[in-house]
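Q: Hi! Could we look at this structure together?
A: Sure, here it comes.

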Amino acid sequence: SLKGKVALVTGSTSGIGLAIARAFAAAGCTVMMNGLAEAVVLHKLAGDLAGESGVKVASHPADMTRPAEIADLVATTQATLGSLDILVNNAGIQHVDRIEKFPVEKWDAIIAVNLSASFHTVRAALPAMKQSGWGRIINIASTHGLVASTHKAAYVAAKHGLIGLTKVMGIECADTGVTCNAICPGFVSTPLALAQIETKAKADGIGMDEASHLLIGEKQPQVRFTTVEQIAGLALFLASDTASNMQGTALVSDGGWTAQ
Ligand code: NAD
């Protein structure tokens, strides 16, 4: 059981992160939520989750592009919740443009949130995890950590980097009781993916259902979204004892995308 453990989920105000926070709370973990949201919104989300699960839930507004705020997020989790046992690096952003037109500030932001933030959280969290002899680091990567698509230079570079970082973390954590692994979803129905479906629907003058079928069908033989609950289930599995000999690997749920 995960009772007594403390889980920090970055980017947990929406989508996959929110589902993971809910799943860990339901499993009895104390949870630290985080995301880019007004303090009142964060506070309400944490209150709602505490109410529905009966566990303690706190929140912290760290901007994952800012190393000093990330250090404060980790230190605050340890100080106010007692420890940090399960770290889920989930916060992520996307921008779609061909390389020649890709805005430099979008490149920098995507590398910061989708890659560097995980280095900063782990760097801060690992000493106490190793000392306690138990820890779980779960990096939310993507099929784009394994294969490329056009117009996603920063995202693909960041996610490939995150899988590389996961491998280093995994082998550096060997025999410490801490594991580090990644999850690679294909299309998941969240605001991040819906923005791309909206863009396609507008560009082709078609409805959202048709646009999502076309967009997913371009990549996945099984033309349906993975659900946020299914990704949360994989995170719970990686936190369980069943996964204690998994190090530096990536679990894929992508409807066959990367099997081709
Ligand atoms: P989402 O847009 O629903 O949620 C993103 C979360 O990250 C939000 O809580 C947001 O506040 C937070 N965030 C963004 N920038 C931040 C910052 N600077 N500081 C702190 N928090 C920040 O997106 P999602 O689809 O749930 O994505 C979650 C993760 O899953 C991302 O890493 C994404 O790359 C990955 N992923 C998503 C899909 C998909 O199809 N949706 C597929 C593969 C991987």
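Q: Which residues does alanine 235 touch, not counting those up to four places away in sequence?
A: Alanine 235 touches Ile20, Ala23, Val88, Ile138 and Ile183. Contact here is C-beta atoms, placed from the backbone, within 7 Å. By the way, this is a predicted model: local features need pLDDT of at least 70, side-chain atom pairs count only at pLDDT 80 or more, and totals for chains, interfaces and linings use all residues. Residues are numbered from 1 along each chain as its sequence is written.

Q: OK, and what is the mean pLDDT of the protein?
A: The mean is 97, and 100% of the residues reach 70 or more. pLDDT is the predictor's confidence in each residue, from 0 to 100.

Q: Cool. Now the ligand: how many residues surround it?
A: There are 29, and the closest are Gly11, Gly15, Gly35, Gly92 and Thr190. To be counted, a residue needs its C-beta atom, placed from the backbone, within 6 Å of the ligand.

Q: Which elements give two or more residues to that shell?
A: Those are α1 (15-26), α4 (104-132) and α6 (191-204). Helices are DSSP runs of H or I with at least four residues, strands are runs of E with at least two, and they are numbered from the N terminus.

Q: Switching topic: is arginine 98 buried or exposed?
A: Arginine 98 counts as exposed because it has 10 C-beta neighbours inside 10 Å. The cut-offs, using C-beta atoms placed from the backbone, are 20 or more others within 10 Å for buried, 12 or fewer for exposed, and partly exposed in between.

Q: And where does arginine 98 lie?
A: In the loop between β4 (86-89) and α4.

Terms used: Two residues are in contact if their C-beta atoms, placed from the backbone, lie within 7 Å.
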